[in-house]
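Trainee: I should like to understand how the terms used for this structure are justified. May I ask about them one at a time?

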Amino acid sequence: MTINLTMAVGIAGLYTVGFYLIMQRSLMRVIIGITILGHGANLFLQVAGGPPGVPSFVGEAVPDLMVDPLPQALALTAIVITFALTTFLLALAFRSWVLLGHDEVQDDLEDRRVAVRRARAVEETASPDVAGADTSGEAEEASEDAPDAPEISREATR
């Protein structure tokens, strides 16, 4: 079986654009990227199915000329899965737009805190003389990363 270079370049282009869009911060670009990846997967399955041939009905054709129906079935399944995932992600993006007014993915503050703690742990293990240093700066940095919460006075909580 020979590989069609045009189809291989097309599939590589679809995967490249799809992964690039998934890495963006806009939810609509992520959804478009997942849809493009779905199209790339469908095209890949069709190319992997081989050249066109005779339908695979037993008794109507020579077995050597028959086409394998499995890639076609997998492509149909991939189409349905991509459609369902796209519909679900569009619903989530619409809900995000209604609640937040934009479609930008926000940073997770807890991930940032974990990264800071890991970096400090690596620094402390790398230089043992810093291990006994004052860690009051850690609390200050953690409070800087925390979202601004409204101040509640003691009188309001009574």
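Mentor: Let us begin with R113 and E110, whose side chains meet in a salt bridge at 3.3 Å, N to O.

Trainee: What makes the meeting of R113 and E110 a salt bridge?

Mentor: The term requires a side-chain nitrogen of Lys or Arg within 4 Å of a carboxyl oxygen of Asp or Glu. The pair R113 and E110 has its N and O at 3.3 Å, so the distance satisfies the limit of 4 Å. Both residues lie in helix α4, three residues apart, about one turn of the helix; helices are DSSP runs of H or I with at least four residues, strands are E runs with at least two, and both are numbered from the N terminus.

Trainee: On what basis does one work with these values?

Mentor: The model is predicted, so local features need pLDDT of at least 70 and side-chain atom pairs count only at pLDDT 80 or more, whereas totals for chains, interfaces and linings use all residues. Residues are numbered from 1 along each chain as its sequence is written, and side-chain values use heavy atoms, with hydrogens and water left out.

Trainee: Why is R113 called buried, and what is E110 called?

Mentor: Buried means under 20% relative accessible area, exposed means over 50%, and partly exposed lies in between, with a 1.4 Å probe and protein chains only. R113 stands at 18% and therefore counts as buried, while E110, at 37%, counts as partly exposed.

Trainee: How many salt bridges does this rule yield?

Mentor: The count is two. The pair R25 and E104 also forms a salt bridge, with the closest N and O atoms 3.6 Å apart. This pair links distant parts of the chain: R25 is in the loop between α1 (5-22) and α2 (27-48), and E104 is in the loop between α3 and α4 (109-126), 79 residues apart. R25 is partly exposed at 40%, and E104 is partly exposed at 43%.

Trainee: Why is the pair of Y15 and F19 called stacked?

Mentor: Rings of Phe, Tyr and Trp (its six-membered ring) pair if their centres lie within 6.5 Å; planes under 30 degrees apart count as stacked, over 60 as edge-to-face, and the rest as tilted. One aromatic pair is found in the whole structure. Y15 and F19 form it, with 6.2 Å centre to centre and 25 degrees between the planes, and the pair is therefore stacked. Both rings belong to residues of helix α1, four residues apart. Y15 is partly exposed at 26%, as is F19 at 49%.

Trainee: How do you know that the side chains of T86 and T35 make a polar contact?

Mentor: A polar contact is a pair of N or O atoms within 3.5 Å; within protein, one must be able to donate a hydrogen and the other to accept it, and residues adjacent in sequence count only if both atoms are side-chain atoms. The side chains of T86 and T35 are linked at 3.4 Å, so the distance meets that limit. T86 lies in helix α3 and is buried, at 14%.

Trainee: Why does L99 count as exposed?

Mentor: Its relative accessibility is 58%, so L99 counts as exposed. L99 is found in helix α3 (residues 70-100).

Trainee: How many helices and strands are there in the chain?

Mentor: The chain has six helices and zero strands. Of its 158 residues, 16% are buried.
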